[in-house]
Amino acid sequence: MEKYLINPNQKISKISKDIYGHFSEHLGRCIYDGMYVGENSDIPNVNGMRCDVVNALKEMGIPVLRWPGGCFADEYHWKDGIGEKSKRKKMINTHWGGVVEDNSFGTHEFFELCRQLGCDAYINGNVGSGTVEEMNEWVEYMTFDGVSPMAELRAENGHKEPWKIKYFGVGNESWGCGGNMDPEYYGDLFKRYNTYVRDYDSNYHINRIACGPNGNNYHWTKQVMDKVKYHANGLALHYYTVPTGNWDHKGSATEFDEAEYDSTISKAYEMELLVSNHIKMMDSVKPDHRVKLVIDEWGTWFDVEPGTNPGFLYQQSTMRDAVVAGLTLNIFNKHADRIMMANIAQTVNVLQAVILTDGDKMVLTPTYHIFKMYKDHQENTLVGSFLTTKELTSEMNNKKSYPQLTESASIDENGVVYSTITNCSASEAVEIKCQVADTSVTKITAEILTGDIHDKNDFENGERVTVKAFDDFEMTADGFIATIPACSIVKFIIK
């Protein structure tokens with residue numbers, strides 16, 4: 001029996017709701033058909049936004065949405081996406097599928113989507129192919145409340161009041177698709193462009209996000225941090241879980257054996273090492289913790305579903321993805337003192353999506369259910385917790401180990417404790433004994449997402465993987481004893 005200790009007296013840090021953020025790019029069917037169908041669509045919509053998708057994301061608790069990319073951000077020129085839609089420029093989306101981008105979803109549409117979702121906006125600016133003037137004018141267009149050319153243009157286009165931007169990314173993947181830059185060069189560019197991302201409202205600060213590393217590129221982190229340490233609020237890490245380690249043959253999203261499952265989980269767990277090491281590197285440059293870590297692209301990346309456009313990155317989602325999401329969010333929670341925000345890639349129909357659509361049909365993926373289960377952690381206080389667990393090993397991933405169980409615990413303002421536990425094993429259940437320090441437990445409720453590692457929701461059966469009540473536990477005076485099934489995620493609410 002494994003031991004699980006929760007100490008509500010050890011209050012560590014607030015868990016920012018923005019750790020549960022999402023990413024939407026002009027890629028495949030994420031925006032078009034996924035979130036936006038246009039005002040004239042037969043699919044029920046409000047101002048072009050799909051009602052079913054908006055309602056599902058609101059129920060899931062989406063806190064912040066990143067847009068317009070991704071790689072697309074560094075070829076996006078914002079003036080192409082404003083004004084009368086019939087007159088907006090058309091272009092070829094050279095990054096993603098070679099399809100026509102008609103710019104019918106632009107700045108006004110994005111903020112309308114955020115309004116309907118009730119979430120904050122994370123805008124990613126164009127450094128790769130854009131100019132300082134262009135970025136400066138875009139920020140003015142979006143946020144200035146006064147007399148100016150851009151504010152007047154915004155009003156002419158139907159929105160007199162300015163919007164608020166919580167986060168602004170100064171470039172994206174500048175080490176790759178955003179310009180193939182060296183870190184020192186990018187750091188100097190960041191300072192230049194960032195100067196013109198102005199806070200026009202003295203009562204509202206835009207958090208500036210610098211392009212951070214790809215995976216374990218600690219050199220990039222050190223060099224960029226040295227340049228931006230007095231200017232940036234966040235540094236963005238990108239890391240994708242690719243089970244085979246081969247970007248040309250990443251593996252199937254639905255057809256895999258247990259060895260590939262183990263490799264997926266072990267590679268996902270590498271996020272713990274990446275987060276810890278990049279934070280240490282950031283602190284070695286500037287130890288006052290002014291610059292926070294952002295993980296604004298993360299998730300599984302498999303080969304596209306057979307018969308779909310390779311540039312659309314459409315993949316199914318199984319219980320394997322749910323376990324990846326559960327363990328990753330537990331990692332983020334445990335580092336809540338240093339992580340400002342995270343954005344899973346991507347919200348609808350792309351990579352590890354929380355929602356899939358097909359015409360007027362919609363499916364909630366296992367990953368969606370994890371985000372909905374975990375939303376109680378948002379804005380709670382992380383508390384001390386420790387869980388003994390055995391190590392599992394991935395033969396396919398160089399015999400790297402990962403814990404069978406991962407967990408995190410938080411407490412709300414009323415003293416209610418929330419604990420989320422993942423059992424990463426594909427086949428082995430485990431019994432745990434939980435003790436909540438200095439607490440007389442009066443009530444426990446729990447829910448679970450579980451199934452075979454291949455189980456998924458599709459358009460023929462959208463309810464195969466759903467959250468259910470969990471009662472395989474015994475309450476004790478100061479905690480509980482429970483059996484956590486294989487391939488499962490369990491949430492306990494302890495009063």
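Over which ring does the charged end of K164 sit? The ring is that of Y204, and the charged end of K164 lies 4.7 Å from its centre. The model is predicted. A second contact of this kind involves an arginine: R320 lies over the face of F256. Here the distance to the ring centre is 3.7 Å.

The fold contains a closed barrel of eight strands. The strand order is β2-β5-β8-β9-β10-β11-β12-β13, and the pairing is parallel. On average, neighbouring strands of this sheet are turned by 30° against each other, with direction ignored.

Within the barrel, β9 (residues 167-170) pairs with β10 (residues 207-214). The two strands run in the parallel sense and share four bridges. V170 has its bridge partner in β10, namely A210. Helix α5 (residues 183-194) packs on the sheet and touches both β9 and β10. The direction of α5 makes about 165° with that of β10. Helix α6 (residues 218-228) also packs on the sheet. Its contacts are with β10 and β11 (234-241). The angle between the directions of α6 and β10 is about 155°. Strand β10 is thus touched by α5 and by α6.

Aromatic contacts form a further theme. The count of aromatic pairs comes to 26. One of them joins F72 and Y76, whose ring centres are 5.5 Å apart. Their planes meet at 40°, so the pair is tilted; planes under 30 degrees apart would count as stacked, and those over 60 as edge-to-face. Both F72 and Y76 are buried.

Y76 also pairs with W138. The ring centres are 6.0 Å apart and the planes stand at 55°, so this pair is tilted as well. The contact links distant parts of the chain, with the two positions 62 residues apart in numbering. Y76 belongs to the loop between β5 (64-67) and β6 (91-92). W138 belongs to helix α3 (residues 132-143). The relative accessibility of Y76 is 2%, so Y76 counts as buried. W138 has 3% relative accessibility and therefore counts as buried too; the cut-off for this class is under 20%.

F72, Y76 and W138 belong to one aromatic cluster. Its tyrosines are Y32, Y36, Y76 and Y141. The phenylalanines are F72, F105, F110 and F111. The tryptophans are W67, W78, W138 and W163.

How values were computed. Residues are numbered from 1 along each chain as its sequence is written. This is a predicted model: local features need pLDDT of at least 70, side-chain atom pairs count only at pLDDT 80 or more; totals for chains, interfaces and linings use all residues. Side-chain values use heavy atoms; hydrogens and water are left out. Rings of Phe, Tyr and Trp (its six-membered ring) pair if their centres lie within 6.5 Å; planes under 30 degrees apart count as stacked, over 60 as edge-to-face and the rest as tilted. Buried means under 20% relative accessible area, exposed over 50%, partly exposed in between (1.4 Å probe, protein chains only). A charge sits over a ring if NZ of Lys or CZ of Arg is within 6 Å of the ring centre and within 35 degrees of the ring normal. Two strands pair if DSSP finds at least two bridges between them. Axes are lines fitted to C-alpha atoms, for helices over the stretch in contact, and angles run from 0 to 180 degrees between N-to-C directions. Contact means heavy atoms within 4.5 Å.
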